[in-house]
Each structure stands twice: as C-alpha cells, then as structure tokens.
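Got your viewer open? Take a short tour with me, one selection at a time.

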Amino acid sequence: MICLFLSIFAYIFQSGWTGVNERTFIAVKPDGVQRRLVGEIVRRFERRGFKLVGLKLLQASEDVLREHYWELRNKPFFSRLMTYMSSGPVVAMVWQGLDVVKTARKMMGETNPADSMPGTIRGDFCVEVGRNVIHGSDSVESAQKEISLWFRSNELQVWEPSSNCWIYN
Ligand code: RTP
Ligand code: MG
C-alpha cells in the first residue's frame, strides 16, 4: 500500500523533479553491451555519487527507437542509427542526482569519440560516431520524455541511499 502510494506520488510529481531529484536516461548501446562495458559504465555513475533508480536489459523495438530518435528522422545517418541500435540488447537506466543530466553528458564526452577527452566514456572506449557505446539525455525535458518512453513508473525504485549525507551537505 505504501509502495503504491509512493509510486503514484512519484509519477504525479515526476515533471517537477529538480535539484537532487533530477533524473536522466542513460543507455548502454548494443556495442557497449557486446564489448562488456556495462559494469564499467555503471561503476562510473555509482562512484560519481548518482543514484540508480531503474535498470533493465532489453532488445529495443523499432517503435521505441523511432520515437526516441524522432528529432533525427531526417538525418542522412538515421537508418544506420536504427540498424545500429537494434543490432542487439541495450541496457536502459535511470540515474538521479544534482545536475545529473549535464554531468552525465560531460562524463560521456562528445557525440564523436574523436572529439571526446580521455577520461570520458566515449574518450576512453570508442573511436567512431556510429559506435559510440552510450546514450544520455541532452536536457531535463528530453530526460523526462525518454524515461517515460523506456520505463513504466513501477519499474523505477524510490529508495534512500545511506551515503546521501556524504554526497550532499
Ligand atoms: P545520443 O543521443 O545517442 O546520446 O548521442 P548525442 O546526443 O551525443 O548525439 P545525437 O546528435 O543525438 O545523435 C544520436 C546518435 O546518432 C549517431 N550519429 N551518427 N554522422 C553520423 O553518422 C552520426 N551522427 C550521429 C550517434 O550514435 C549518436 O550518438
Ligand atoms: Mg542525442
């Protein structure tokens, strides 16, 4: 009963979540899964201090991918991108924390791995834009849309990390 109440409360107030409650959608793309980078990527977000609230391994449907990359539908690389993203399972995740959208993008590096600094995920683990191992929402608004596209509200966990007082003052 309490869980149900918390889930409904969380769902209703999802769009108002900011500050330490900000959320982003991260996906390890099929090449990242194939190359056994899931653990490394999760480790980086955990060690930075972000909270994992959702995680699943799935084969993304064409409908979900089309919706997810709708803004890129007229780009010349769109069909290659669809083929790439449906070439194997992806690990879909939701991470939460202060400025997590912006910080996750910094941790990922640039879209083109060649422009990504060493120390970033793309700067450390890939070389080509068409195999850039990770996706991250580019704004709080996109994050909200992507989270509701990829996750049902009951797949997101409401929990209080015991380390919070060592991460936030
Ligand atoms: P993502 O959405 O996957 O996190 O990547 P992003 O914001 O850094 O870049 P975006 O412009 O949204 O592009 C989405 C994905 O499309 C592939 N791409 N291929 N010139 C190309 O062949 C090209 N440009 C982009 C990449 O996989 C990119 O991450
Ligand atoms: Mg993008």
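**Stop one: charged pairs**

You're looking at a predicted model, and it contains six salt bridges. Side chains of opposite charge can pair when their charged atoms come close. To see one of these bridges, select R44 and E40: their closest N and O atoms are 2.9 Å apart. Now show the helix they belong to, α3, which covers residues 38-48. R44 and E40 are four residues apart in α3, so about one helical turn separates them.

**Stop two: the ligand**

Next, select ligand 1. You'll find ligand 1 in the largest pocket. Which elements give two or more residues to the shell around ligand 1? Colour α5 (78-85), α6 (100-108) and β4 (134-136), and you have them. Of these, α5 supplies the largest share, with three residues.

Now bring up the whole shell of 15 residues. Sorted by class, the shell has seven nonpolar residues, plus four polar and four charged ones. The residues that come nearest to ligand 1 are K29, Y69, T111, N132 and H135.

**Stop three: polar contacts**

Zoom in on some side chains that reach oxygen atoms of the ligand:

- K29: a polar atom of its side chain is 2.8 Å from an oxygen of ligand 1.
- Y69: here an N or O atom of the side chain lies 2.8 Å from a ligand 1 oxygen.
- R105: a polar side-chain atom sits 2.9 Å from an oxygen of ligand 1.

Finally, switch on the protein surface. On its own, ligand 1 has 560 Å² of accessible area, and the protein covers 79% of that.

Note on methods. Residues are numbered from 1 along each chain as its sequence is written. Chains are lettered from A and ligands numbered from 1 in the order in which they are written. This is a predicted model: local features need pLDDT of at least 70, side-chain atom pairs count only at pLDDT 80 or more; totals for chains, interfaces and linings use all residues. Side-chain values use heavy atoms; hydrogens and water are left out. A residue is near a molecule or strand if one of its heavy atoms lies within 4 Å of it. A polar contact is a pair of N or O atoms within 3.5 Å; within protein, one must be able to donate a hydrogen and the other to accept it, and residues adjacent in sequence count only if both atoms are side-chain atoms. Accessible areas come from the Shrake-Rupley method with a 1.4 Å probe; for residues, only the protein chains shown count as cover. On a 1 Å grid over the protein atoms alone, a cavity is a set of points where a 1.4 Å probe fits but cannot get out, and a pocket is an open set with protein on both sides within 12 Å along at least five of seven lines; lining residues have an atom within 4 Å of a point. A molecule sits in a cavity or pocket if more than half of its atoms lie within 2 Å of its grid points. Ala, Val, Leu, Ile, Met, Phe, Trp, Tyr, Cys and Pro count as nonpolar, Asp, Glu, Lys and Arg as charged, and the others, Gly among them, as polar. A salt bridge is a side-chain nitrogen of Lys or Arg within 4 Å of a carboxyl oxygen of Asp or Glu.
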